[in-house]
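Reader: I have a multi-chain model open and would like to go through its interfaces and charged pairs with you. Could you take me through it step by step?

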Amino acid sequence: MSESTSTVNRRASGLAQATVFRRVNDDVLATLQRPGVGWAALMAVVLTVLGIAIAAWMYQIKTGLGVAGYVPPVMWGVYITDFVFWVGIAHSGTLISAILFLFRAQFRTAVYRVSETMTVFAVMTAGLFPLIHLGRVWYFYYLIPYPNERLLWPNFRSPLLWDFFAISTYFTISSLFLYLGLIPDIAAARDRAQPKSFRHRLYSVLSLGWQGTDSQWRHYNRAYLFMAGLATPLVLSVHSVVSWDFAMAIVPGWHSTIFAPYFVAGAIFSGVAMVITLVVPLRKAFHLEDYIEEYHLNNLAKLLLLTSLIVFYAYLVEFFIAWYSGSEFEKAIFWDRLTGRYAWACWIMYICNCIIPMSLWSKRIRTSWFWMFVVSIFVNIGMWFERFSIIIQSLAREFMPYQWDYYTASWVEWSITAGSFAWFFMWFLLFVKFLPSMAIAELKELLPPKLRRQQEELEVAS
Amino acid sequence: MSAELMEGGVRGVFLTLDDVAAAVNTLENEGVAADDITVYSPIPTPHLEDAIDRPVSPVRLMTLIGGLMGTLTGLTLTLWTFFAWGLQVGGKSIASLPVTVIIMFELTVLLGGLFTLAGVFIFSRIPAMSTKPGYHPRFSNDLFGVFVHTDDDSAAQRARSILDRVGAEAIESVA
Amino acid sequence: MERREFLKLVGVTGAGTMTACDQKVGPQALIPYLVPPENVTPGIPTWYASTCRECPAGCGVHVKTRDGRVIKLEGNPDNPVNQGKLCARGQMATQRLYDPDRLRGPRRIDNGEQVEVDWGAGIEQLAEGLRGAGIEPGSVVLLTGLETGTRDRFYDEWAAAVGAARVVYEPFAHEAVLEANRRVFGRAAVPDYDIAGADFVISFGADFLGTWVSPVRYGRAWSEMHAFRGVESVRPDGEGVFVAVEPRLSMTASNADEWVAARPGTEHLVALAMANVLGAGGPAAGWPPARAAETTGVDAETIEHLAELFESKRSLALPGGIGAAHRGATAAAVAVNLLNQAGGAVGDTVRVNGALTGGVPGAYRSMIELTERMRSGQVKALLVAHTNPVFSLPPGVGFEDALDEVPFRVSFSSVLDETASRCQLLLPDHTPLESWGDWVPEDGVMSLIQPAMRPVFNTRPTPDVMLDVGRVMAGDGGTPAIEAESWYDYLRSAWSDVAGSERAWAEALKAGGVWQAATTVPTTPAPAAADDGLDFGPVPFDGPEDDGAFDLIVQPQLAMYDGRSANSPTLQELADPVTTSCWQTWIEVHPDVATDLGVKDGDVVTVTSPHGSITAPVISYAGIRADTVSMPLGRGHTAMGRFAKGGVNPVELLPADVEPNGGGPIYQGVRVTLTPTGAWVPPLKHQGSDIQHDREIAQAISMTEALHAEPGHHGNGHGEPLTVERVAEDSGAESPYRWGMAISLDACTGCNACVAACAAENNIPFVGPERVAKSRQMSWIRIERFLEHEENGHVKTRHIPMMCQHCGAAPCEPVCPVYAAYHNDEGLNVQVYNRCVGTRYCSNNCPYKVRYFNYFTYEWPEPMDWAINPDVTLRQKGVMEKCTYCVQRINAAKNTVRDEDLEAVVPDGFFQTACQQTCPTDAIVFGNLKDPDSHVSKLSRGPLTYSVLEELNTRPANFYLKKVIDRTSSDVALKTAGSGVEV
């Protein structure tokens with residue numbers, strides 16, 4: 001039995017057990033009250049930043065990709081960095097909801113809804129960048145395989161096309177998975193909402209008339225299990241495919257067999273960090289202290305520590321292989337990564353991803369909301385710079401010394417990067433106000449099955 | 001034909017899980033057809049599934065079909081494209097199997113997922129435009145419910161008495 | 001494009017080519033085709049033989065026109081000067097023709113304001129001015145650039161007729177060499193140097209592969225002497241050796257087997273000392289190697305060894321260039337002549353017959369005198385044609401100020417250059433591609449200049465203007481100065497004895513001229529004392545003596561020459577062969593000096609000489625003496641057009657005094673101090689890293705090994721011996737072709753002609769300095785130049801032309817998600833622009849980094865876009881592009897052959913790619929690798945052949961032949977003590 005449920009029991013003592021169920025509904029659905037000033041202010045900021053980013057993109061489309069900072073041979077820059085970063089963020093979501101579901105890890109229940117939504121929104125963000133970075137975005141549909149009069153079919157050999165399939169599949173499945181989990185809770189929201197009110201109508205439609213009959217639950221449980229089963233290999237595959245964008249190329253510093261596991265670990269690492277970054281303020285804002293507790297934080301922190309160690313290991317292996325391969329080009333690249341003009345990016349990444357997370361060996365930090373928030377921010381930064389130095393530094397000093405050069409991003413790239421965060425948080429803000437950010441039904445399931453015997457004991461006690 | 005499609009019957013409201021289980025068992029022992037009984041629960045608990053024995057959900061079949069279709073689509077799409085174009089790239093052979101595997105995998109998951117969801121929708125009769133009279137808003141909150149479909153008053157009477165016996169908090173007829 | 005322009009254009013298409021030989025076509029020509037002229041097939045280019053006038057060398061060209069517009073120049077194979085080859089500036093002559101900033105018609109300048117006038121008024125005003133100038137001798141001055149042949153004679157006659165004095169000025173007029181040759185050989189001309197015939201060439205500062213006298217001709221000759229074409233081609237006494245004696249590793253020196261870095265102004269002492277070793281008397285007697293060693297910084301051993309080489313081989317010593325542009329220039333040139341005499345080269349490799357006409361005795365001195373006369377008010381009218389002294393003369397001369405003393409100033413320049421903008425009347429001439437004329441680059445070679453298209457603007461041939469003025473001044477009934485209907489008639493009659501009959505004339509036009517054996521020119525025997533009044537000692541440089549100061553070398557820049565090409569954006573963007581910089585004027589300093597000054601590439605320093613001070617960004621270059629700095633000429637225009645503005649003009653640092661004997665300018669004569677300003681500008685270098693980092697990109701092999709190299713050890717040893725079968729795998733089984741290229745690093749001089757030719761052929765846009773700063777230049781072919789630092793401190797250079805390798809296993813192809821890059825049946829790596837969506841993955845995955853991305857939609861300002869080659873697609877923003885092996889030429893060739901016989905295969909050498917066609921040294925060979933007997937196929941299997949980055953197994957279709965080094969096979973290693981090039 002988990003700590004969380006026991007607390008709920010404790011707080012329930014003396015009350016009629018029935019009220020315990022009700023409290024869960026009350027507390028969780030309380031998050032859906034009409035938005036306050038703080039929320040509105042945040043939304044305003046987010047929309048402004050997003051507006052600037054959209055303007056910047058329009059400018060780039062009109063003028064040409066040259067307004068970004070590209071300096072040949074660095075043909076991929078901050079856009080692809082952002083892409084990989086967001087895909088990474090998208091990972092822990094399905095990991096927590098699907099894989100931990102299969103492993104019956106109960107601590108997931110409190111946070112999986114948040115991480116799932118995070119997943120969906122992160123994929124929505126990541127999916128923008130392959131478009132933004134295209135030279136001729138108005139022809140992006142050339143990548144889509146459908147019968148067309150141009151007789152133009154994509155080249156399935158290109159890792160970019162694998163990306164296209166992997167990302168769109170991942171987006172579809174994780175959205176469905178999220179929605180499936182939401183249906184009973186939306187029904188709960190529906191039943192609480194003022195009949196005939198906007199929310200009531202909204203939730204009636206979204207809940208699809210869910211009633212929680214025995215047969216509905218039966219199919220539901222099956223489906224949930226299989227969705228989890230499908231999503232699990234998908235989580236691992238998506239970032240492997242993304243890593244192949246690089247591993248399949250001959251670029252020294254990219255062309256490496258360790259990339260798939262290395263990127264998956266990195267993705268989970270950054271994803272978990274982002275979950276923490278989101279959950280900590282959420283818990284404060286909506287007073288969910290009873291549901292999200294040190295216990296959850298601690299487990300997330302352990303996951304963070306584990307993945308940090310894997311990533312650290314991957315870094316070391318890269319250097320070993322570079323030396324062991326005996327390839328001049330590999331050696332040069334990795335030596336330059338440590339000492340060259342891009343060394344700063346590389347060292348930011350080592351400090352944020354390998355050194356700082358080592359503090360998580362201490363339980364005091366693992367269970368401190370403040371410090372975990374700080375650490376998670378550092379990890380986010382570190383993981384962004386990991387992608388930055390892998391992509392850009394490797395390209396900047398490729399095979400031909402004649403072409404070596406140094407890339408710096410332009411204001412357009414920076415504003416679009418900022419805009420991607422705005423875009424992500426816009427959706428997240430909408431989500432917390434309109435959908436239950438915790439799984440009501442599953443939380444209640446964690447409570448001890450209500451039995452008459454208990455009931456009588458309680459009555460005696462009172 | 002499943003219960004919640006029928007109008008008219010008796011609804012017992014319960015506070016606790018064991019009462020619900022007991023109620024269902026008793027009803028069935030008293031000879032009420034399983035199809036006439038509908039249990040409403042706020043939680044997806046296995047206890048109920050144990051209490052009421054129903055065949056395993058056919059959703060898994062949908063998943064299988066979807067998955068296989070995806071695999072097949074992936075294979076044909078890639079191979080067809082390779083040969084339809086017949087373009088040489090990178091001094092490699094026209095068609096490449098490892099590549100098809102990736103696409104096959106992605107499409108397997110994609111169609112598998114879509115079919116699974118479709119399964120839920122079809123089998124649990126959603127989307128439904130409105131809730132049935134047997135339903136009560138608190139069934140999504142803190143109460144359990146057992147709805148027994150009855151054709152005539154005598155049946156209704158029997159149902160009422162059984163529900164009463166197993167200790168329903170409240171019993172009401174719905175039409 | 002405006003409607004009028006359009007109509008004109010239609011008129012051009014209608015009548016241009018048909019009437020190009022007849023200037024008198026009325027407006028009725030402004031009608032579209034009704035009956036197409038029979039000599040114009042739409043889509044088929046029409047070629048005109050003419051002569052390049054981008055520099056005095058006068059190479060023969062074939063001008064390619066499409067629908068009446070000039071779109072490209074190629075060398076005229078029949079012309080003995082360049083034999084079908086052309087340099088970068090020649091290739092870009094179109095951009096001077098279509099210069100958007102050209103004067104579009106006659107103008108009057110009233111206090112700074114340009115006022116359009118019609119030709120009648122212009123000529124009236126000119127006549128007025130001339131009358132007003134009075135008739136006392138010298139009151140009217142006709143100042144022209146170097147002219148040869150008929151136009152030269154016409155100017156003289158006309159000047160005489162109107163009582164004007166004629167002055168000829170050319171910034172690089174080789175005054176010292178001419179004077180020295182007058183003294184030694186009795187003829188003031190640049191002799192016919194038989195570089196090809198020599199086995200040992202030593203140059204004392206002459207940049208003969210880049211800018212000196214006749215670079216294309218010399219480049220060709222040099223490759224005949226020097227380029228290793230396989231064992232069988234090696235001469236009995238070994239392959240040729242070339243040594244350069246100069247303080248800076250210029251492009252020419254970078255192709256030398258040894259670079260002897262003598263102190264600036266002492267190069268000739270090495271020559272004297274060599275002559276001394278060879279037992280010459282006279283001035284040489286005073287300079288034994290030991291003494292020369294102290295002064296020059298070249299140690300005696302080296303000098304003796306060079307002398308040995310000079311004696312043992314059929315040798316040639318070249319004077320001139322930076323070695324003969326200082327206060328002792330004449331002495332220096334004489335010294336080199338003496339060496340030639342002592343080595344028995346005179347009459348053998350140095351021939352006074354067939355001498356070149358590129359040179360003007362005492363040109364600079366005559367400008368000084370002219371300036372004097374102007375200042376003293378003796379000059380009432382100044383007529384300037386085809387020269388730009390305000391830009392080229394050191395400010396100290398005071399020419400610009402003296403202009404104010406001249407009441408009436410006329411310019412015939414076709415662009416508003418610095419001098420023209422100081423005139424009151426502008427009567428723009430045609431550009432050479434629109435004009436009639438001829439050019440006599442050397443004895444016996446008479447090349448014709450004919451218009452290849454109708455004039456782009458409302459310009460008029462200067463001689464015609466002069467004839468009209470003559471008529472006007474003669475007044476009614478009076479007889480004009482020169483009896484000629486028009487300049488064309490004058491030219492025609494001038495040629496009457498060479499090509500009198502219409503038929504002969506037509507033949508001459510078709511051939512591009514008439515070439516005869518050089519007539520023997522009587523020369524006065526060498527006077528006993530050629531060295532009268534010459535001081536052979538080290539040359540004085542003014543400026544501070546202390547160590548903080550540096551000797552300044554100012555040399556013409558390959559792309560800019562004397563600055564006349566400065567408004568050609570493509571030439572501005574051309575990578576300098578030495579620094580790979582562009583669009584600006586930089587100052588080259590030795591890396592150690594840069595460290596001492598605490599500056600890095602791009603840091604701006606103030607360069608101060610006793611005569612002036614300018615600022616320029618530093619570029620550190622290991623190929624220059626530590627006590628010397630160098631700046632390129634030709635940039636820093638204040639007028640002339642939008643593209644010419646960049647950079648500064650180093651002549652502002654130069655002294656005004658004249659070299660006493662030859663009367664030439666002092667380009668090497670000041671010491672300067674450098675003070676960092678703290679500012680930084682992008683160095684605009686095309687090249688990222690100057691060294692190879694042991695990546696074996698440009699490979700070399702010693703001569704000894706080369707002579708015994710066995711085929712099979714392909715490249716760096718990683719690869720298998722190449723077979724035709726193996727090559728065949730890289731293209732469609734049923735296709736008879738696998739196109740490929742073989743490039744000889746031993747022949748490549750790094751002259752960038754191929755780069756310009758590619759730009760002209762393939763519509764490659766210029767991107768401008770701010771984009772070059774981001775390495776976004778588009779050139780499909782580039783010359784990578786790598787510095788090799790040897791243990792003994794020598795710096796050697798290797799040039800390697802790099803373009804798409806059309807790999808058999810191309811990494812760029814499979815990564816493209818939309819099949820925009822794929823491998824076609826003929827083994828070409830094809831880029832389909834319309835399919836490209838711009839993921840740029842292909843470029844990331846190209847190990848050779850030869851794919852170029854259109855970050856913007858690049859455009860040419862009208863009318864520069866008239867030069868667009870209609871056979872090559874223009875690329876839109878967002879698509880990737882790269883070398884296509886001139887696929888349009890491949891297809892044209894296939895079509896031509898197929899017209900004859902459907903089954904026929906394009907024979908070897910049937911056509912050439914643009915780069916191959918123009919390469920002065922034939923370093924590039926293109927052809928069908930599947931044909932075992934084709935030239936390229938044989939080379940691809942040769943012993944010196946390798947592929948770049950072979951270990952990646954990309955199976956490139958580009959093969960490279962290693963540079964052959966260590967030719968001075970001798971135990972006496974050449975040392976350049978004190979050259980300060982240890983690294």
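Author: Let us begin with chains B and A, keeping in mind that this is a predicted model. On the chain B side 71 residues are in contact with 58 residues of chain A.

Reader: ok, and how much area do chain B and chain A bury between them?

Author: Chain B and chain A bury about 5700 Å² between them, and 66% of that area is on carbon and sulfur atoms.

Reader: Which elements of chain B supply at least two residues each to that side?

Author: On chain B these are helix H1 (17–29), strand S2 (37–40), helix H2 (46–51), helix H3 (59–85) and helix H4 (97–123), each of which supplies at least two residues of the side that touches chain A. The largest share, 16 residues, comes from H4(B). By class, the residues of the side of chain B that touches chain A divide into 39 nonpolar, 20 polar and 12 charged.

Reader: And how many salt bridges and polar contacts are there across chain B and chain A?

Author: For chain B and chain A the rule finds zero salt bridges, while it does find 15 residue pairs in polar contact, counting pairs with both residues at pLDDT 80 or more.

Reader: Now chain A and chain C, what are the numbers there?

Author: Here 51 residues of chain A are in contact with 54 residues of chain C, and the two chains bury about 4400 Å² between them, 59% of it on carbon and sulfur atoms. In chain A, the residues that lose the most area to chain C are Arg136(A), Met400(A) and Tyr402(A), which together make up 20% of what that side buries.

Reader: How many salt bridges between chain A and chain C, and which side chains meet?

Author: The count between chain A and chain C is one salt bridge, in which the side chains of Glu398(A) and Lys849(C) meet at 2.8 Å, N to O. There are also 32 residue pairs in polar contact between these chains, with both residues at pLDDT 80 or more. The elements of chain A that give two or more residues to the side touching chain C are helix H3 (37–63), helix H7 (159–192), helix H9 (214–247) and helix H12 (328–339). That side of chain A has 35 nonpolar, nine polar and seven charged residues.

Reader: Switching to salt bridges in general, how many does the structure hold over all chains?

Author: Over all chains the structure holds 68 salt bridges. In one of them, the side chains of Arg351(C) and Asp192(C) meet at 3.4 Å, N to O. This pair links distant parts of the chain, with Arg351(C) in strand S13 (residues 350–356) and Asp192(C) in strand S8 (residues 190–193) of chain C, 159 residues apart.

Reader: Buried or exposed, what about Asp192(C)?

Author: Asp192(C) is buried, with a relative accessible area of 12%, whereas Arg351(C), at 31% relative accessibility, counts as partly exposed.

Reader: And what does Arg217(C) form a salt bridge with?

Author: Arg217(C) forms a salt bridge with Glu442(C), and their closest N and O atoms are 2.3 Å apart. Arg217(C) lies in helix H7 (residues 215–226) and Glu442(C) in strand S17 (residues 437–442) of chain C, so the pair ties together parts that are 225 residues apart in sequence. Both Arg217(C) and Glu442(C) are buried.

Reader: Is there a salt bridge within one helix, and if so where do Arg471(C) and Asp468(C) lie?

Author: Arg471(C) and Asp468(C) both lie in helix H15 (residues 462–474) of chain C, three residues apart, about one turn of the helix, and their side chains meet in a salt bridge at 2.6 Å, N to O. Arg471(C) is partly exposed at 29% relative accessible area, while Asp468(C), at 14%, counts as buried. Elsewhere, salt bridges that share partners join Asp192(C), Asp194(C), Arg217(C), Arg314(C), Asp348(C), Arg351(C) and Glu442(C) into one network.

Reader: Last topic, cysteines: why is Cys842(C) not bonded to Cys836(C)?

Author: The sulfur of Cys842(C) is 6.3 Å from the closest cysteine sulfur, in Cys836(C), which is too far for a bond. A search of the whole structure finds zero disulfides over all chains. Cys883(C) is likewise in no disulfide, and the nearest cysteine sulfur, that of Cys804(C), is 5.7 Å away.

Technical notes:
Residues numbered from 1 in each chain as written. Chains lettered and ligands numbered in written order. Predicted model: local features only at pLDDT ≥ 70, side-chain atom pairs only at ≥ 80, totals over all residues. Heavy atoms only, no water. Contact = heavy atoms within 4.5 Å. Buried area = accessible area lost by both parts, 1.4 Å probe. Salt bridge = Lys/Arg side-chain N within 4 Å of Asp/Glu carboxyl O. Polar contact = N/O pair within 3.5 Å; in protein donor to acceptor, adjacent residues only side chain to side chain. Helix = DSSP H or I, 4+ residues; strand = E, 2+ residues; numbered from the N terminus. Nonpolar A, V, L, I, M, F, W, Y, C, P; charged D, E, K, R; others polar. Disulfide = S-S within 2.5 Å. Buried < 20%, exposed > 50% of the residue type's maximum accessible area, 1.4 Å probe, protein only.
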